[in-house]
Amino acid sequence: MLHFLKRIGVWAYQPVKENQWFFFWMYLLGVACILTVNQFGKHRAVFELFIDLYLLCVVLTLLPKTIRKWVRGVLYVVFYTLAVVDVFCQYRLGAPIGPALVQNILLTNAREASEALGAYVTWRSICSPVLVIIALLLLHIASALWRTFGSSSSRCHRALHWQLPPQCQPAVGWACLVMAVLCLLSSLTNKRFLYYNIIKSETNLEMQYNLQLVPSTTEFYLPVYRLLHALHAVHISQKELQTLIERTNQVQVDSCSFRSPKIVFIIGESYNRHHSALYGYDKPTTPWQSSMAADSAMAVFTDVVAPFHQTSEVLKLAFSLYGYGEKRSWADYPLFTQLFLKAGYHVSFITNQLVNVPTQDVWDFSSGNIINEPELSRSQFSERNTALHTYDEGLLADYDSLGVKNHEHQLVIFHLLGQHVAYADRYPQTYNRFKASDYDRPDLSDDDRQVLADYDNATLYNDEVVRRIVALFQDDEAVVIYMPDHGELCFDIENEEGREAFGRSFDVKTESEIRQQFEIPFWIWMSDRYRQRHTDVYERLRAVRDLPFMTDDIDQLLLGLAGISCPDYRPKDDPLNTLYDASQPRMLMGEINYVRSIPANVAR
């Protein structure tokens, strides 16, 4: 009996024995990630890490030694890389690896990627908890080199090749076995959580439901689990995109009155409302918009928020006729552009971000992009531009070159680069009006004040771009809607834990962070001819401009402006309709019920 127990002990110790340094260094790496990133359950996660690594070592032990060495090498590269990225994202963006981050990476082209790296990867962000991971990696490399090339007579070399005496292995093996069983039992709830959200869930709604069912102490406690969850969520988005494609032929329009012959929809980018003079900012960043508001040509809405602070999620909900609280997926509903095209509008999409070129097909499709998938693009747009521009004013020439001015009924969508990071690259030097010295901010460094000035200069240039777009339609019977996709942090809140307060935070904690990233400028301009012929629309828009609105219902407002009747039009979500329900909840990121606490100071 004793011999049998010893054999079990030796067997239980074998995975650790065969992979002792792998177990040692990966356990240290896991603990470093847990202590650096996890918000709760740190003590529990340390025990769950033991069972996960032990089981991984069991699998490695089953492999031939020659293969095992290479597999360990690959795992080292993967785990250290994920750890660096995860800790960096936690420090710099306020949240570790997650679906939103992976979605943004897949949606990012080469230009955006290089700009983001230049803006986010700074010495301040590197000299952070990321250094813990880097230091651990360097120690690991040094120990491996010493074991391989160090003098065999040195004490350090002998210590690095130390093995547990055979007589102690059964006892240690039993300790490992008991520890593994206890750790497994204590982590069963979290394992169920991981299973449902990495493997089981088949829709994003189902995933959200599963996340709500489990205790608050469950979490994706390692970077690899966070990545697997993110990839699963993106995979689900791909399936939803396929559903949307399959329903293309089912788009239904009952009637269209062409209430507004020419509708121009301008989609901005990363526009913090609190940096707009139109909304009371103390720098003259919006001279044209402020003049239009004072002249009554523009209905400026004071309480508008974006549902997400990621472009892909905002565009998905803005284009789809899905409404919050619906039981079906967003992909089960048509896109408003499909309805406009079927109703008889000439639909033009002119973008400085999502140009449809062959080299971008892969990342466009894999990210679930509803704009560039070929079949969806054909079902939405009469024509599109084909080139990107350094500055947004290049889109004006694109509009001229498309030759669509003479179409009687037009929907023209301008998708700007706006104030996207990096801000200094968003405007020509002729708009370099604001300087770092203009900001009395002793809490900011000179570099930070320059970033702040760059953002305001980009906002000033954006004002000129929208002025020039509107000027294209000033003699027509036209209405222009301006809607940025989301806001942006730009040094309007105090830094927390040394985080740089510009860009976006994926872990929204405070009311101030909500205001900066979700509250957006929103206005509707009407030409003189339009106001004369549609006094009812003009008066209605001015009457509802102080009512709460969220841009996931912009599709309903656009349908109302066009006079398109279809099964998925919801009067309660259209501010133009007298049945508009201003009391319905506005859920940010699907979980925060937004209620405005600070009135907007609009220049009127």
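Student: In this predicted model, how many of the residues of β2 are buried?
Tutor: The model is predicted rather than experimental in origin, and within it the residues of β2 can be sorted by the side to which they point. K262, V264, I266 and G268 point one way, while I263, F265 and I267 point the other way, and all are buried. Strand β2 is thus described as mostly covered, the count of buried residues being seven of seven.

Student: Which strand pairs with β2 over seven bridges, and which with β2 over six bridges?
Tutor: In the parallel sense, β2 pairs with β8 over seven bridges, and in that pairing G268 stands opposite P484 of β8. A parallel pairing over six bridges joins β2 to a further strand, where V264 stands opposite V412. The strand with seven bridges is therefore β8, and the strand with six is β7.

Student: What is the order of the strands in the open sheet?
Tutor: The sheet is open, has seven strands and shows mixed pairing. Its edge strands, each of which pairs on one side only, are β3 (298-301) and β6 (383-384). Read from β3, the order is β3-β11-β8-β2-β7-β5-β6.

Student: In which sense, parallel or antiparallel, do β3 and β8 run relative to β11?
Tutor: Four bridges join β3 to β11, and in β11 the bridge partner of M298 is W525. Strand β8, residues 478-484, is likewise joined to β11 by four bridges, with M526 of β11 as the bridge partner of V479. For β3 with β11, and for β8 with β11, the sense is antiparallel.

Student: Which residues of β11 point the other way from F522, I524 and M526?
Tutor: Strand β11 spans residues 522-526 and is mostly covered, five of its five residues being buried. F522, I524 and M526 point one way from the strand, and the residues pointing the other way are buried as well. Those residues are W523 and W525.

Student: What angle does the direction of α16 make with that of β7, where the helix packs on the sheet?
Tutor: Strands β5 (residues 346-351) and β7 (residues 410-415) pair in the parallel sense over six bridges, and H346 stands opposite Q410 of β7. Helix α16, residues 336-343, packs on the sheet, where it touches β2 (262-268) as well as β5 and β7. The direction of α16 makes with that of β7 an angle of about 150°.

Student: Is F349 buried or exposed, and at what relative accessibility?
Tutor: F349 has its place in strand β5, and its C-alpha atom is separated by 8.6 Å from that of L411, 62 residues apart along the chain. Leaving aside neighbours within four places in sequence, F349 is in contact with I371, F381, E383, R384, N385, I413 and H415. Because buried means under 20% relative accessible area, F349 counts as buried, its relative accessibility being 2%.

Student: Why is α4 described as roughly perpendicular to α13?
Tutor: Helix α4 (residues 65-93) and helix α13 (residues 223-246) pack with their axes 9 Å apart, at an angle of about 80°. Since angles of 65 to 115 degrees count as roughly perpendicular, α4 is therefore roughly perpendicular to α13. The contact is made by F79, L82, A83 and D86 of α4 and by P223, V224, R226 and L227 of α13, and these residues divide into six nonpolar, no polar and two charged. The angle on which the description rests is about 80°.

Student: How are α14 and α20 oriented to each other?
Tutor: The axes of α14 (residues 287-294) and α20 (residues 446-471) come within 7 Å and cross at roughly 55°. P287, W288 and Q289 of α14 make the contact with L460, D463, V466, R467 and V470 of α20, a set that divides into five nonpolar, one polar and two charged residues. With regard to orientation, the two helices α14 and α20 are oblique.

Student: How many residues are in the protein chain, and what percentage of them is buried?
Tutor: The protein chain has 24 helices and 15 strands, and it exposes about 25900 Å², of which carbon and sulfur atoms supply 60%. Among contacts between residues at least 6 apart in sequence, 79% join residues at least 24 apart. The chain holds 604 residues, and the buried share is 57%.

Conventions: Residues numbered from 1 in each chain as written. Predicted model: local features only at pLDDT ≥ 70, side-chain atom pairs only at ≥ 80, totals over all residues. Heavy atoms only, no water. Pairing = 2+ DSSP bridges. Contact = heavy atoms within 4.5 Å. Axes fitted to C-alpha atoms, helices over the stretch in contact; angles between N-to-C directions. Parallel < 35°, antiparallel > 145°, perpendicular 65-115°, else oblique. Nonpolar A, V, L, I, M, F, W, Y, C, P; charged D, E, K, R; others polar. Buried < 20%, exposed > 50% of the residue type's maximum accessible area, 1.4 Å probe, protein only. Areas by Shrake-Rupley, 256 points an atom, 1.4 Å probe, with all protein chains shown as cover.
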